[in-house]
Amino acid sequence: MTKYLLDTCICVFFLRGKLNLNEIVLEKKIENFYISEITVFELRYGAENSDNPAKSHKALNDFLSGLNIIPISACLNRYAKEKVRLRKLGKPIRDEFDFLIGLTAVEHNLVLVTDNTKDFEILSEIKLDNWIKRKNTSLLSLFSH
């Protein structure tokens, strides 16, 4: 069975009611879902920075209670090697937190579920999936009626 690491943006979509993660989790089984401790840091910051921190922290605690949280320490060696590889290729890392989340997915052989696939495609061996459905709003589609 495929195992998934949920990126911070996917968690935010769920917490804001824009993604029905419940159906997906029921289909794919809760034990196959993980988040990085970096994601927990980012979600805690978002909850504290919200209009109602107490309510946001409660919702976050409820969300986190069923998930496996993975520490980043297992990807320390991969971090150095991958960062040097990308530097030599002239591909800068845009976000250290995203870099660590992506490396955690690679290190644990997890599919990273994100809406920011472009931010992670530079990582070697990364497996990505995007569960966010977007409407096609290209200029061509606006004038094709």
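**Salt bridges around Arg78, and the packing of helix α1**

Let me begin with one pair: Arg78 forms a salt bridge with Glu125, and the closest N and O atoms of the two are 3.9 Å apart. Arg78 lies in helix α5, whereas Glu125 sits in the loop between α7 (117-120) and β5 (127-129), so this pair ties together parts that are 47 residues apart in sequence. Please keep in mind, as we go on, that this is a predicted model. The N to O distance of 3.9 Å in this pair falls inside the cut-off for a salt bridge, which is a side-chain nitrogen of Lys or Arg within 4 Å of a carboxyl oxygen of Asp or Glu.

How do the two partners stand with respect to the surface? Glu125 counts as exposed, at 59% relative accessibility, while Arg78, with a relative accessible area of 23%, is partly exposed.

Arg78 has another partner as well, since its side chain also meets that of Glu107 in a salt bridge, at 2.8 Å from N to O. Here Glu107 belongs to helix α6 and Arg78 to helix α5 (residues 76-88), so the pair ties together parts that are 29 residues apart in sequence. Glu107 counts as partly exposed, with a relative accessibility of 32%. Taken together, Arg78, Glu107 and Glu125 are linked in a network of salt bridges.

Let me turn to another pair, Asp119 and Arg94, which form a salt bridge whose closest N and O atoms are 3.0 Å apart. Asp119 lies in helix α7 and Arg94 in the loop between α5 and α6, so parts that are 25 residues apart in sequence are tied together by this pair. Asp119 counts as partly exposed at 26% relative accessibility, whereas Arg94, at 74%, counts as exposed. For the structure as a whole, a search finds 7 salt bridges, and those I have described are among them.

I would like to finish with helix α1. Which residues of this helix, residues 8-15, are buried? They are Thr8, Cys9, Ile10, Cys11 and Phe13. As for their surroundings, the buried residues of α1 pack against the strands β1 (4-6), β2 (33-36) and β4 (111-113), and also against the helices α3 (37-48), α4 (53-64) and α6 (96-107). Helix α6 therefore appears in both parts of this talk, because it contributes Glu107 to the salt bridge with Arg78 and is also among the elements that the buried residues of α1 pack against. Just after α1, finally, Gly17 takes a positive phi of about 80°.

How values were computed:
Residues numbered from 1 in each chain as written. Predicted model: local features only at pLDDT ≥ 70, side-chain atom pairs only at ≥ 80, totals over all residues. Heavy atoms only, no water. Buried < 20%, exposed > 50% of the residue type's maximum accessible area, 1.4 Å probe, protein only. Helix = DSSP H or I, 4+ residues; strand = E, 2+ residues; numbered from the N terminus. Contact = heavy atoms within 4.5 Å.
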